[in-house]
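Okay, thanks for coming, everyone. I'd like to walk through some helix packing and a few single residues, so let's get the model up on the screen.

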Amino acid sequence: MAEDSPDFTIGIEEEYLLVDRDSLALAEAPEALMTACVSELEGQVAPEFLKCQIEIGTKVCANVAEARDDLRRLRSCVSKHAAEHNLAPIAASCHPFSDWRDQHHTDRDRYNDLSSDLAGVVQRMLICGMHVHVGIDAPDRRIDLMNQLSYFLPHLLALSCSSPFWQGHDTGLDSYRLTVFDNLPRTGLPPHMDSFSEFERAVQILVDLGVIEDSSKIWWDLRPSSRFPTLEARICDVQPRLEHTLMLAALTQAITRMLWRLATKNQRWRLYDRFLVDENRWRAQRYGVREGLIDFGRQEIAPMGDLIEELIEILEEDALFFESMQELETARDIMRTGTSSTRQRNAYSEARDAGQGHDAALRAVVSHLIDEYHADL
């Protein structure tokens with residue numbers, strides 16, 4: 001019996017940082033802010049690990065057009081209620097200058113347990129990401145697609161980079177977030193697995209030993225969701241611009257369908273050793289789209305512009321199916337203007353060129369991030 005086509009529905013989760021509109025430093029979310037957001041958004045908003053963070057999640061959406069409407073509503077709600085407390089959200093994976101030592105974690109059982117279990121490592125988790133869920137009902141198909149989609153994770157990361165600064169310094173990396181996140185256990189690229197039952201057996205070993213409660217404590221860049229019948233891509237930095245979030249979601253959805261189409265023809269994307277894909281992951285983390293990734297078929301470093309054009313061409317049939325060609329082509333805007341990391345560095349340089357000192361220039365970066373968050377609302 002032929003396998004039914006997956007729904008390929010999508011859901012997007014984003015984490016934001018809250019900043020004081022005067023000092024532009026991080027600020028903790030007042031209880032009244034969370035109460036107002038929860039009242040308006042019901043189950044689509046929640047506190048995150050740190051009190052200066054807030055997390056939202058869209059409803060299940062058929063395509064990015066639906067996701068755009070819901071995500072705009074969520075972002076607008078957080079902004080509106082934050083403004084009532086002289087706060088503003090920013091959607092960047094690291095704050096340009098605030099110190100992680102000054103932040104406090106949310107007093108909830110889950111976060112208290114994390115703080116206890118992971119000690120000093122988790123205390124530095126002043127980072128935000130975005131996750132894209134793609135609906136795949138068949139569990140074994142989820143694993144099969146996870147194995148193949150891993151190849152494209154560095155491409156998605158390169159387009160998403162939004163964390164060049166850390167504690168007041170330019171790190172030289174375009175995604176410093178991953179440097180912080182990779183200190184946690186059970187992170188990085190997912191291992192190759194042959195079936196969903198193999199995944200379940202591996203998880204159960206850790207559960208039986210009391211190491212983890214369930215698979216939600218597995219934080220790979222791509223994983224079968226612990227809560228939904230989805231494949232969850234977790235590699236990306238969070239995006240200041242709403243339209244760039246939608247571009248990454250559209251790419252993830254289209255890549256997943258493209259790989260499924262190959263499977264229906266008894267074909268598949270070539271699987272490369274995790275060691276090799278990890279090299280591209282590092283190049284994306286370090287350079288964003290400023291340098292190329294390794295094309296293992298041609299055995300050369302290909303410019304990101306060429307890789308993005310090839311990817312858009314490969315995914316055209318799938319983008320037309322989801323009516324998301326326009327969102328895919330937004331990746332070309334990233335190639336023209338740079339990722340958020342490039343734009344943040346430009347904001348810093350412009351402030352310095354205008355005669356502002358280092359600290360003032362970093363505050364100018366935060367102002368730039370506030371403007372970008374609100375640009376598409």
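Let's settle the angle words before anything else: under 35 degrees counts as roughly parallel, over 145 as roughly antiparallel, 65 to 115 as roughly perpendicular, and the rest as oblique. The axes are lines fitted to C-alpha atoms, for helices over the stretch in contact, and angles run from 0 to 180 degrees between N-to-C directions. Helices (H or I, at least four residues) and strands (E, at least two) are DSSP runs, numbered from the N terminus.

Quick housekeeping: this is a predicted model, where local features need pLDDT of at least 70 and side-chain atom pairs count only at pLDDT 80 or more, while totals for chains, interfaces and linings use all residues. Residues are numbered from 1 along each chain as its sequence is written, and side-chain values use heavy atoms, with hydrogens and water left out.

So, the first pair. Helix α1, residues 31-41, packs with helix α2, residues 64-83, at an angle of about 150°, and their axes are 9 Å apart. That's why we call α1 and α2 roughly antiparallel to each other. Their crossing is right-handed, meaning the near helix is turned clockwise from the far one by less than a right angle; anticlockwise would be left-handed. Who touches whom? On the α1 side we have Leu33, Ala36, Cys37, Glu40 and Leu41, and they meet Arg73, Leu74, Cys77, Val78, Lys80, His81 and Ala82 in α2. Contact here is heavy atoms within 4.5 Å. Sorted by type, the residues of that contact are eight nonpolar, one polar and three charged. For the sorting, Ala, Val, Leu, Ile, Met, Phe, Trp, Tyr, Cys and Pro are nonpolar, Asp, Glu, Lys and Arg are charged, and the others, Gly among them, are polar.

Staying on α1 for a second, Ser39 lies there too. Is Ser39 buried or exposed? Exposed, with a relative accessible area of 58%. The cut-offs are under 20% for buried, over 50% for exposed, and partly exposed in between, using a 1.4 Å probe and protein chains only.

Next pair: helix α5, residues 153-160, and helix α8, residues 242-264. Their axes come within 10 Å and cross at roughly 170°, so α5 and α8 are also roughly antiparallel to each other. Leu156, Leu159 and Ser160 in α5 meet Met247, Leu248, Leu251 and Thr252 in α8. This contact splits into five nonpolar, two polar and no charged residues. And eight of the eight residues of α5 are buried, so α5 is largely enclosed by the rest of the structure.

Now α14, residues 358-375. At 1.5 Å a residue, its 18 residues should span 26 Å, and the end C-alpha atoms are 26 Å apart, so that agrees. The expected span is 1.5 Å times one less than the number of residues. Its buried residues, including Leu362, Val366 and Tyr373, pack against β1, α2, β4, β6 and α13. So there's α2 again, as one of those partners.

Last, some individuals. Asp318 is found in helix α11, and Asp318 is buried at a relative accessible area of 0%. Beyond its neighbours within four places in sequence, Asp318 is in contact with Ala254, Arg257, Met258 and Arg261.

Then the odd phi values. Asn266 has a positive phi of about 60° although it is not a glycine; Asn266 sits in the loop between α8 and α9 and is exposed, at 75%. Gln299 has a positive phi near 55°, again in a residue other than glycine. Gln299 is in the loop between β12 and β13, and is exposed at 71%.
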